[in-house]
Amino acid sequence: MNHTRLLLLGVLLLGGGAHAQHSHAGHGAAPMTMQDMNAADLKVLRPLKGQAFDVKFAQLMINHHRMAVDMARYALKNASDTRVRKNAQEVITVQNREIEQMKGWLNRWKASVPKASPATMTEVKGGADRWFLTEMIPHHQGAIDMAKLARTRSQNKAVLNMAAAILKTQQGEINQYQAWLKTVK
């Protein structure tokens, strides 16, 4: 892949880490891809059912959403395409609202809320517009895969409703991003 990836340094968060390519500075390990991190989250979630699934789903999705918000904030500041900037603002608004909702669930369930870790972004070379669209596709796919798993592992109506919303919204955005990539520089 020729496009530059977002690097988040030092943001290994609860259960599966942050969701972007990151490095283990000084440890000589190769950076994990978004797909690797998505697979790690699914590995954690697959054996769980009921309340145990709901708690871990909320914790992992909070971290996942936080990364999307960070990526969208970068795009909002650096992208030039009006559609990309507008979508980045929508990602920030929707995913921050969902983060607050999931934090509320975790508090009610007396489960730990993942702490936000400050993300340190490296420079993104090339166009911020293409970077955002290209990176958000696998990022959203990770959320979609977790949401699909919720349909068979959760019995909580609120979790199932959020999973359904994630499936609809983020698949629609993936479709939109793929179309935009044909014209965005």
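Among the contacts in the protein chain between residues at least 6 apart in sequence, 73% join residues at least 24 apart, and this figure, like every other one here, comes from a predicted model. The elements that these contacts can draw on are five helices and two strands, and along the sequence they follow the pattern β-β-α-α-α-α-α. Of the 185 residues in the protein chain, 47% are buried.

Helix 3, which covers residues 82-108, is a useful place to begin. This helix has 27 residues and reaches 39 Å from its first C-alpha to its last, which is close to the 39 Å expected at 1.5 Å a residue. Its buried residues are Val84, Asn87, Ala88, Val91, Ile92, Gln95, Glu98, Ile99, Met102, Gly104, Trp105 and Leu106. In an α-helix there are 3.6 residues a turn, so residues three or four places apart point the same way. The cover over the buried residues of helix 3 includes helix 2 (50-78), helix 4 and helix 5 (157-180).

One of these neighbours, helix 4, can be followed further. The axes of helix 3 and helix 4 come within 11 Å and cross at roughly 40 degrees, and the crossing is left-handed. On the side of helix 3 the contact is made by Val84, Asn87, Ala88, Val91 and Gln95, while helix 4 contributes Asp129, Phe132, Leu133, Met136 and His140. Sorted by class, the residues of this contact are six nonpolar, three polar and one charged. The five residues named from helix 3 in this contact also appear among the buried residues of that helix.

Helix 4, residues 128-153, also packs against helix 1, residues 34-45, at an angle of about 10 degrees and with the two axes 9 Å apart. Because angles under 35 degrees count as roughly parallel, helix 1 is described as roughly parallel to helix 4. Here Met34, Gln35, Asn38, Asp41, Leu42 and Leu45 of helix 1 meet Glu135, Pro138, His139, Gly142, Asp145, Met146 and Leu149 of helix 4. The residues of this contact divide into six nonpolar, four polar and three charged.

Between helix 3 and helix 4 the chain passes through a loop, and Lys110 is found there. The phi angle of Lys110 is near 55 degrees, a positive value in a residue other than glycine. With a relative accessible area of 75%, Lys110 is exposed, whereas residues such as Trp105 and Leu106 in helix 3 are buried.

Terms used:
Residues are numbered from 1 along each chain as its sequence is written. This is a predicted model: local features need pLDDT of at least 70, side-chain atom pairs count only at pLDDT 80 or more; totals for chains, interfaces and linings use all residues. Side-chain values use heavy atoms; hydrogens and water are left out. Axes are lines fitted to C-alpha atoms, for helices over the stretch in contact, and angles run from 0 to 180 degrees between N-to-C directions. Helices (H or I, at least four residues) and strands (E, at least two) are DSSP runs, numbered from the N terminus. Angles under 35 degrees count as roughly parallel, over 145 as roughly antiparallel, 65 to 115 as roughly perpendicular and the rest as oblique. Contact means heavy atoms within 4.5 Å. Ala, Val, Leu, Ile, Met, Phe, Trp, Tyr, Cys and Pro count as nonpolar, Asp, Glu, Lys and Arg as charged, and the others, Gly among them, as polar. A crossing is left-handed if the near helix is turned anticlockwise from the far one by less than a right angle, and right-handed if clockwise. The expected span of a helix is 1.5 Å times one less than its number of residues. Buried means under 20% relative accessible area, exposed over 50%, partly exposed in between (1.4 Å probe, protein chains only).
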